[in-house]
Every structure is written in C-alpha cells, then in structure tokens.
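Some remarks on this entry follow, as numbered points. They cover one surface patch, one helix and the salt bridges.

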Amino acid sequence: MGIIANNRPEWAVAAFATYGLGARYIPMYAAELVKVWKYIIADSSVKVLFVSRPDIYEKIKNFPDEIKTLEHIYLIDSTGDNTMAALEAAGKTKPVPSTRPDPMDIAVLIYTSGTTGEPKGVLLSHGNMTSNAIGGNKLYKEMMNEDARSISILPWAHSYGQTAELYNWFLTGGSIGFMEKVDTLADDINLVQPSFIIAVPRVFNRIYDKLWVTMKKTGGLKLRLFETAVETAKQRRLLAGEGKSSIALEIKFRILDKAGVRKDQGPLRRKA
C-alpha cells in the first residue's frame, strides 16, 4: 500500500488500516519528482495507492497502464468514485477484522535518496517502530501523556517522524496538530499551542531566533522577563542533567513560565 501525501489524519488512517491487514506501507513525499514516485511504486510492487490532491493524481493517473503491479489509485481530497471516502463507505458494509502483526513482520518500506543511483528502500519491522516509540516515551514520560499536545513538523515519510512523533503519540494518547507549511510555523504553533515539539535542531534554531527577534523588538519589561526565563530554564536543565533540583529555582521557573503565556490566546482555535 503506497501513499503520496504530506502529514494529515488520512495518512495515519491509511497506515493503520494497512498494518491491520498485515500489509506493508510505502510512504512518499508530496513534493517529489514524478519519476521518483514511479520508480518507488514499481520497485516496491505497490498494489493500492493513495494520493492526497487532484494535481498529484493528474500526474500519476496513467501509472496503472505503465506499472503492472499497481491495481488501484484512490484520491483523498475528493468525493465520488475512486476516492478514500468511497473506499471507507464500502468498507463499512463489509468490515474486516484486524490482524495483530508479529514484531518481526515488515511494517514499512521507506525509500531514501542516495548520493548515486536510484532511491534505496529500507525495510522496517513493527518491532523496529514500536521499540523506538517505547524508548522515546520512557525518556520523556513526564512530558508525554494523554494531556500533552504536539505539532507535526517532521515528515512521516521519514522514519524519525513516524517513530518519534506519530507512533509515540498514539502510544501516549496525546493529540497532534499540523503545521500548514514552514513559512507559517510561528502562526501554527500559536494556534496549536503544543506542550511538546519533536523536530530537528534546524527547526528549533528557527523558532528560537524568531523569539529573540520578536522580544527584542518588544523590549521593556517583557524582554527582561524573557531573558530571565531563558536563563532560569538553562539553570534548571543543567541541574536536572546532574540529577539535582532546586525548590527555589523550580518556583521561579513556574512563575516565569506563567508570566510568559499570553492571556488572550484562549482555547485551541481551528483554521477554516
């Protein structure tokens, strides 16, 4: 089962439906060359393919005539025949019990672009995925729980995004909001109000730099509070790394953390 889509709820629905049938999931980036999609679909013998948008569908609609193993293509952002909505409606009339995969069974086939030649496919088992998710949960168990909220930044077409975010959050029972695009990340964070973010250093550097630029423009008391909060957080993290704690520092941190939250944000808002 293949999918060409960015992170979205339907991505996860298709993934767990695939696992429940004992099949293999082959995710592909929406921002990819058509020839790369074609190579991956043919090389992995995809039988069923989901695509997110009509413009992507137009680019690959003739693939079944060119790839012998590809039998069906379903469009997510649409209704009517040959869509995910139609497939789900048909499935409701004849539900199929889910199977429980063995840890050694292959869950996903992830293709990575090599420095030479065609993309290379890596087989990852259910045991690979679950062990990573459980390990991450144990490491941050105090921050990852059913009340926690994340914002999806890392692509789920990559193993890090899948294990550290998607499967980890399904394990903890928390919720995930979605970044619209990199350019709107700051606004998306404000909308989702995540309590925990999983990303790579480059993303955190951008967030941190943007915060400093904003606070320096604001100046005054808010800037001084921000500087004090950052320094207090650093001291708290250093103590924690040494296995130590300070009641006075913890109280100071909590007060500054409260003071740094905008009172006009209110509950989570949704975009139209």
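1. Leu139 counts as exposed because its relative accessibility is 62%, and the cut-off for that class is over 50%. The residue belongs to helix α6, which covers residues 126–139. Note that the model is predicted.

2. Leu139 also takes part in a nonpolar surface patch, together with Tyr140 and Met143. The area of this patch is about 320 Å².

3. Seven salt bridges are counted in the model. As general background, oppositely charged side chains can pair when their charged atoms come close. The next points take some of these pairs in turn.

4. Arg8 pairs with Asp77 in a salt bridge whose closest N and O atoms are 2.6 Å apart. This contact links distant parts of the chain, since the two residues are 69 residues apart. Arg8 sits in the loop between β1 (2–4) and α1 (9–20), while Asp77 sits in the loop between β4 (72–75) and α5 (84–93). Asp77 has 37% relative accessibility and therefore counts as partly exposed.

5. Arg8 forms a salt bridge with Glu10 as well, with 2.8 Å between the closest N and O atoms. Is Arg8 buried or exposed? Arg8 counts as buried, because its relative accessibility is 16% and the limit for that class is under 20%. Glu10, at 26% relative accessibility, counts as partly exposed.

6. Arg53 and Asp55 meet through their side chains in another salt bridge, at 2.9 Å from N to O. Arg53 is partly exposed, with a relative accessible area of 31%. Asp55 is partly exposed too, with 36%. As for shared partners, salt bridges join Arg8, Glu10 and Asp77 into one network.

7. Helix α10 runs over residues 220–241 and has 22 residues. From its first C-alpha to its last, α10 reaches 32 Å, close to the 32 Å expected at 1.5 Å a residue.

8. Which residues of α10 are buried? They are Leu223, Phe226, Val230 and Thr232. In an α-helix there are 3.6 residues a turn, so residues three or four places apart point the same way. That spacing is worth keeping in mind when the helix is viewed.

9. Gly243 comes just after α10 and takes a positive phi of about 75°.

Notes
Residues numbered from 1 in each chain as written. Predicted model: local features only at pLDDT ≥ 70, side-chain atom pairs only at ≥ 80, totals over all residues. Heavy atoms only, no water. Patch = residues over 30% accessible without salt bridge, like charges linked within 9 Å, V, L, I, M, F, W, Y side chains within 5 Å. Areas by Shrake-Rupley, 256 points an atom, 1.4 Å probe, with all protein chains shown as cover. Salt bridge = Lys/Arg side-chain N within 4 Å of Asp/Glu carboxyl O. Helix = DSSP H or I, 4+ residues; strand = E, 2+ residues; numbered from the N terminus. Buried < 20%, exposed > 50% of the residue type's maximum accessible area, 1.4 Å probe, protein only. Expected span 1.5 Å × (residues − 1).
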